[in-house]
Amino acid sequence: MDLAVYQRIQGADYRRIFVVGDIHGCRQQLEDLLCQQAFCYEKDLLLSVGDLIDRGPDSLGCLSLITQPWFVAVRGNHEQMAIDAVHGRHIERWLGNGGGWFYKLSANDEARARQLLRQAESLPHILELTCGQRLTVIAHADYPLDNYHFNQPVDSEQVLWQRRRIDDAVSGESRPITGAERFFFGHTPLAEVAHYANQHYIDTGAVFGGKLTMLQIQ
């Protein structure tokens with residue numbers, strides 16, 4: 001079992017903080033939302049639930065966001081598939097899930113993408129944001145235990161892929177995760193943002209004809 005990597009962020013270091021759903025190469029949609037919010041690149045912070053790449057028109061542009069000081073992302077399953085593929089693992093799985101853009105790049109752009117994917121190997125699986133006494137946790141698909149602790153050992157594969165919690169919630173069996181006030185997840189495309197117990201699912205299918213969701217959380 002590969003264990004998830006955690007990272008802490010102090011909300012007091014920023015004026016405003018936003019969280020955005022799965023971008024999937026839809027860079028222009030993101031730019032439009034940032035403009036609407038008069039986002040300040042020097043004082044504000046944008047957090048991402050992962051899946052920056054694949055399926056949309058500008059995966060390379062979205063992947064390059066990880067180099068920006070105003071942007072912090074957790075790793076999504078699509079970043080993990082890309083990392084695996086450039087190391088020669090499970091290439092067909094990535095191709096079957098929108099990874100074909102990488103193999104159509106020019107030589108210079110491919111070199112840039114490979115460099116960025118090496119950086120993406122350092123992306124955490126779980127972000128903990130402290131705003132005063134309030135803890136907010138951001139992960140891609142799920143936090144697979146019912147009690148949260150920073151650096152608690154959890155399976156990274158479940159954090160990246162698991163849908164059991166949201167499936168249970170849709171069936172009427174939602175339950176809170178203790179240890180933090182609220183959790184934000186992506187991964188599962190929905191028509192609208194969904195709230196179950198203290199969990200918020202914010203992938204609203206930008207790349208599938210839906211919209212990109214960006215919420216202010218500080």
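Two strands pair if DSSP finds at least two bridges between them. Strands (E, at least two residues) and helices (H or I, at least four) are DSSP runs, numbered from the N terminus. The model shown here is predicted, so local features need pLDDT of at least 70 and side-chain atom pairs count only at pLDDT 80 or more, while totals for chains, interfaces and linings use all residues. Residues are numbered from 1 along each chain as its sequence is written, and side-chain values use heavy atoms, leaving out hydrogens and water.

**View 1. Four strands form an open sheet in the order 4-3-2-10**. The pairing in this sheet is mixed. At its edges are strand 4 (71–73) and strand 10 (214–216), each of which pairs on one side only. Neighbouring strands are turned by 25° against each other on average, direction ignored; axes are lines fitted to C-alpha atoms, for helices over the stretch in contact, and angles run from 0 to 180 degrees between N-to-C directions. Look for strand 3 (residues 45–48), which pairs with strand 4 in the parallel sense over three bridges. Ser 48 has Ala 73 in strand 4 as its bridge partner. Helix 1 (residues 27–36) lies across strand 2, strand 3 and strand 10, and runs at about 25° to strand 10.

**View 2. Val 19 sits in strand 2 (residues 17–20)**. Is this residue buried or exposed? Val 19 counts as buried because its relative accessibility is 0%; buried means under 20% relative accessible area, exposed over 50%, and partly exposed in between (1.4 Å probe, protein chains only). Contact means heavy atoms within 4.5 Å. Leaving aside residues up to four places away in sequence, Val 19 touches ten residues by name: Leu 46, Leu 47, Val 49, Ile 138, Phe 184, Ile 202, Thr 213, Met 214, Leu 215 and Ile 217. Val 19 and Ser 48 are 29 residues apart in sequence, and their C-alpha atoms are 5.6 Å apart in space.

**View 3. Glu 79, in helix 3 (residues 77–86), is a buried charge**. Glu 79 has no salt bridge (a side-chain nitrogen of Lys or Arg within 4 Å of a carboxyl oxygen of Asp or Glu). Its nearest side chain of opposite charge is Arg 75, 7.4 Å away; Lys and Arg count as positive and Asp and Glu as negative, with His and the chain ends not counted. A polar atom of the Glu 79 side chain does lie 2.7 Å from the backbone nitrogen of Leu 52. Not counting residues up to four places away in sequence, Glu 79 touches Gly 50, Asp 51, Leu 52, Ile 53, Val 74 and Leu 123.

**View 4. Glu 128 and Arg 8 form a salt bridge**. Their closest N and O atoms are 2.8 Å apart. Glu 128 lies in strand 5 (residues 126–131) and Arg 8 in strand 1 (residues 6–10), so the pair ties together parts that are 120 residues apart in sequence. Glu 128 counts as buried at 3% relative accessibility, whereas Arg 8 is partly exposed at 49%.

**View 5. Asp 142, Asp 146, Arg 165, Asp 168 and Arg 175 are linked in a network of salt bridges**. Within it, Arg 175 pairs with Asp 168, the closest N and O atoms being 3.6 Å apart. Arg 175 is partly exposed, with a relative accessible area of 28%, and Asp 168 is partly exposed at 23%. A search of the whole structure finds 13 salt bridges.

How values were computed
A polar contact is a pair of N or O atoms within 3.5 Å; within protein, one must be able to donate a hydrogen and the other to accept it, and residues adjacent in sequence count only if both atoms are side-chain atoms.
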